[in-house]
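Thank you all for coming. I would like to spend a few minutes on charged side chains and on some backbone details, so please keep the display in view while I talk.

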Amino acid sequence: MLCRNHHPGTLPATLGPLVEEISLLGVTFTAAPALPIDWSLSNTLRRLQFADVGGLSGPIPASWASGMPALDTWVFDGVSGLDPGITSYAAMVSSPVHAPSGNATTNFTGLLTVKLARIGLTGAIPSTMVSSPRLVSLSLANNSLTGPLGSAQWTSATSLRMLDLSGNA
């Protein structure tokens, strides 16, 4: 866990595959690092939590949507500097199985808890974002999301028990 400090460097690519949880709380990066692509190779990372983190840059790596087979909790709350388009986030949430090719031992079937709050997300919520059969809690609060919430997209949200869309456009 890295808390309440200014960090001049980047996020180590090798960290993800070594740990079960990565928590950054109140950290400001001065070098504007991107999120490490290699974290998608982790078979042990279960919880990824960034709260009040500033100074990052770029999109969510596309490889994250097909990696991190153990990940069940993803929290980005008050994270600034990342691409605000909801599409890359939706791909990560809606991937039903995040399993490396050839790994037949995984029983991972998707994220349980996702909180993407106060990160400046824009656009309409894609219907695929709530279609994960394992998703129980989804918070997209305090962003700039727009668009209709058609009833058809929610019929596949059979496991969803908590939905927070407060504070959006």
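Let me begin with a network of salt bridges, in which D52, D77, K115 and R118 are linked. Please bear in mind throughout that this is a predicted model, and that the distances and accessibilities I quote are computed from it.

Which residue does D52 pair with? Its salt-bridge partner is R118, and the closest N and O atoms of the two are 2.8 Å apart. This pair links distant parts of the chain, since D52 sits in the loop between β3 and β4 while R118 sits in the loop between β5, residues 113–117, and β6, residues 122–123, with the two positions 66 residues apart in sequence. As for exposure, D52 is partly exposed at a relative accessible area of 42%, and R118 is likewise assigned to the partly exposed class, with 40% relative accessibility.

Turning to the other two members of the network, the side chains of D77 and K115 meet in a salt bridge with an N to O distance of 3.1 Å. Here both partners belong to strands, D77 to β4 and K115 to β5, so the contact ties together parts of the chain that are 38 residues apart in sequence. Is D77 buried or exposed? With a relative accessible area of 14%, D77 is buried, because buried is taken to mean under 20%; K115, by contrast, counts as partly exposed at 32% relative accessibility.

The structure holds five salt bridges, and one more of them deserves a comment, namely the one between R46 and D72, whose closest N and O atoms are 2.9 Å apart. R46 lies in the loop between β2, residues 21–29, and β3, residues 47–51, whereas D72 lies in the loop between β3 and β4, the latter being residues 73–77, so this pair ties together parts that are 26 residues apart in sequence. In this case R46 is partly exposed, with a relative accessible area of 39%, while D72 is buried, with a value of 11%.

Let me now come back to the loop between β3 and β4, where D52 is located, and look at the backbone. Although D52 is not a glycine, its phi is positive, at about 55°. M68, which is found in the loop between β3 and β4 as well, also has a positive phi, in this case near 50°, and M68 too is a residue other than glycine. As to their surroundings, D52 counts as partly exposed, at 42% relative accessibility, whereas M68 counts as buried, at 0%.

Finally, I would like to point out N143, which has its place in the loop between β7, residues 137–139, and β8, residues 144–145. N143 is buried, with a relative accessible area of 7%. What does the side chain of N143 approach? A polar atom of that side chain lies 3.0 Å from the backbone nitrogen of G120. If we leave aside residues up to four places away in sequence, N143 touches L116, A117, R118, I119, G120 and L121, and in addition G167, N168 and A169. R118 thus appears twice in this talk, as a residue touched by N143 and as the salt-bridge partner of D52.

Conventions. Residues are numbered from 1 along each chain as its sequence is written. This is a predicted model: local features need pLDDT of at least 70, side-chain atom pairs count only at pLDDT 80 or more; totals for chains, interfaces and linings use all residues. Side-chain values use heavy atoms; hydrogens and water are left out. A salt bridge is a side-chain nitrogen of Lys or Arg within 4 Å of a carboxyl oxygen of Asp or Glu. Helices (H or I, at least four residues) and strands (E, at least two) are DSSP runs, numbered from the N terminus. Buried means under 20% relative accessible area, exposed over 50%, partly exposed in between (1.4 Å probe, protein chains only). A polar contact is a pair of N or O atoms within 3.5 Å; within protein, one must be able to donate a hydrogen and the other to accept it, and residues adjacent in sequence count only if both atoms are side-chain atoms. Contact means heavy atoms within 4.5 Å.
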